[in-house]
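Biologist: Can you walk me through the empty space and the ligand site in this one? Put the model up and start with the ligand.

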Amino acid sequence: MSRIAYVNGRYRDIRDASVNIEDRGYQFSDGVYEVCEVRGGKIVDLPRHMTRLQRSLRELQIAMPMQLTSLEAVIHEVTRRNRVTYGIVYLQVTRGVARRDHAFPAQAVRPAVVVTARSLNFDKNQETAARGIGVITIPENRWPRVDIKSVALLPNVLAKQQAREKGAYEAWFVDSDGHVTEGASSNAWIVTGDGKVVTRSADQGILAGVTRAVLRDVIASLQMSLEERPFTPAEAYGAAEAFVTASSQIVMPVVTIDSRPVADGKPGPVATRLREQFHRFSAFS
Ligand code: PLP
């Protein structure tokens, strides 16, 4: 079956789908994106993703490319046409096409929209979660506006590659104060020896993850205690558990940090329980 993409108003076979070479997303990374999980053919937590998308667009003064309900309909249609029951849907909005000039186009152009969807292997993801992943720590080198989900991801790309070369799956950025900010494509969490779940507050230095936000509700409902505060790699090395969150992975246990085992080097009970309970608290549409 061929894959179908939505590109600026048309559903195309992905092999024929293309954008203009003067798209500002291509030339300047002048655009934003969202990734939603698809489960049982439904989109997980779409309203939260759409709220974040609108905020990212506002921060960059890019107009919504179409009405929210129409955009949601496109997301559902791309998912359906690609017959994704478990996987992800990717949405990208760029400022549009204009002759190359750094400043915004003098005459407003239409934002460009691309939506794709693809299936993921559910069993493989579960196996990875049962084994746990390794992370490395690296110095933070991103711009301060990481709260905007922009397609400018070069530091994240290089971080992820460095992790791969060290046999790890994810890289945690560490800021100039010596605190972990977040992963290259996930939020970072630890569990203390006395069972407190710790993650950095979303005020500064991180993307406000949708999975992170939903997990706060899960933690509250399970009457676990949550501390939103920074933590250092040293605290993480000595933690009872560690994990990362992202829409494509939900709660993924971390079993090594900089090649040191976290506790006994196996996924811990808190991360495992949060992963199991997560979808009871998500919205499906
Ligand atoms: N932080 C970064 C840098 C990310 O790229 C992502 C997801 O791609 C996240 C955090 C997690 O966000 P979400 O839970 O909304 O997928």
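Modeller: This is a predicted model. In it, an N or O atom in the side chain of R52 sits 2.8 Å from an oxygen atom of the ligand.

Biologist: What about K149, how far is a polar side-chain atom of it from a ligand oxygen?

Modeller: That distance is 3.1 Å. E182 also has a polar side-chain atom by the ligand, 2.6 Å from a nitrogen atom.

Biologist: How much of the ligand's accessible area does the protein cover?

Modeller: 94% of it; on its own the ligand has 390 Å² of accessible area.

Biologist: Which elements give two or more residues to the shell?

Modeller: β9 (180-183), α6 (210-221) and β13 do.

Biologist: And which residues come nearest to the ligand?

Modeller: There are 17 residues around the ligand, and R52, E182, V210, T211 and S247 come nearest. By class, the shell has nine polar, five nonpolar and three charged residues.

Biologist: OK, pockets. What's the volume of the second largest one?

Modeller: About 330 Å³. Its lining has 19 residues, and those nearest the centre of the pocket are R52, R55, A202, L207 and A208. R52 therefore turns up twice, since R52 is also among the residues that come nearest to the ligand.

Biologist: Why do you place that pocket between the domains?

Modeller: Because domain 1 (4-120) and domain 2 (125-281) both give residues to the lining of the second largest pocket.

Biologist: Which helices feed that lining?

Modeller: α2 (46-59) and α6 each supply at least two residues to the second largest pocket. α6 also gives two or more residues to the ligand shell.

Biologist: How does the lining of that pocket split by class?

Modeller: Eight residues are nonpolar, seven are charged and four are polar.

Biologist: Now the closed spaces. How many cavities of 30 Å³ or more are there?

Modeller: Two. The largest cavity holds about 50 Å³ of space, and the second largest has a volume of about 40 Å³.

Biologist: Which residues line the largest cavity?

Modeller: E37, V44, D45, H49, V210, T211, S247, I250 and F278. V210, T211 and S247 are also among the residues that come nearest to the ligand.

Biologist: Where do the residues of that lining come from, in terms of domains?

Modeller: Domain 1 (4-120) and domain 2 (125-281) each contribute at least three residues to the lining of the largest cavity. By class, that lining has four nonpolar, three polar and two charged residues.

Biologist: And the second largest cavity, what lines that?

Modeller: The residues are A240, E241, A242, P253, V254, V255, V262, K266, P267 and G268. Seven of them are nonpolar, two are charged and one is polar.

Biologist: Which strand gives the largest share there?

Modeller: β14, with three residues. Both β13 (241-246) and β14 (250-257) supply at least two residues of the lining of the second largest cavity. β13 also gives two or more residues to the shell around the ligand.

Methods
Residues are numbered from 1 along each chain as its sequence is written. This is a predicted model: local features need pLDDT of at least 70, side-chain atom pairs count only at pLDDT 80 or more; totals for chains, interfaces and linings use all residues. Side-chain values use heavy atoms; hydrogens and water are left out. On a 1 Å grid over the protein atoms alone, a cavity is a set of points where a 1.4 Å probe fits but cannot get out, and a pocket is an open set with protein on both sides within 12 Å along at least five of seven lines; lining residues have an atom within 4 Å of a point. Grid points are joined across faces, edges and corners, and a volume is the space filled by probe spheres set on the points. Ala, Val, Leu, Ile, Met, Phe, Trp, Tyr, Cys and Pro count as nonpolar, Asp, Glu, Lys and Arg as charged, and the others, Gly among them, as polar. Domain bounds come from an automatic or database domain assignment. Helices (H or I, at least four residues) and strands (E, at least two) are DSSP runs, numbered from the N terminus. A residue is near a molecule or strand if one of its heavy atoms lies within 4 Å of it. A polar contact is a pair of N or O atoms within 3.5 Å; within protein, one must be able to donate a hydrogen and the other to accept it, and residues adjacent in sequence count only if both atoms are side-chain atoms. Accessible areas come from the Shrake-Rupley method with a 1.4 Å probe; for residues, only the protein chains shown count as cover.
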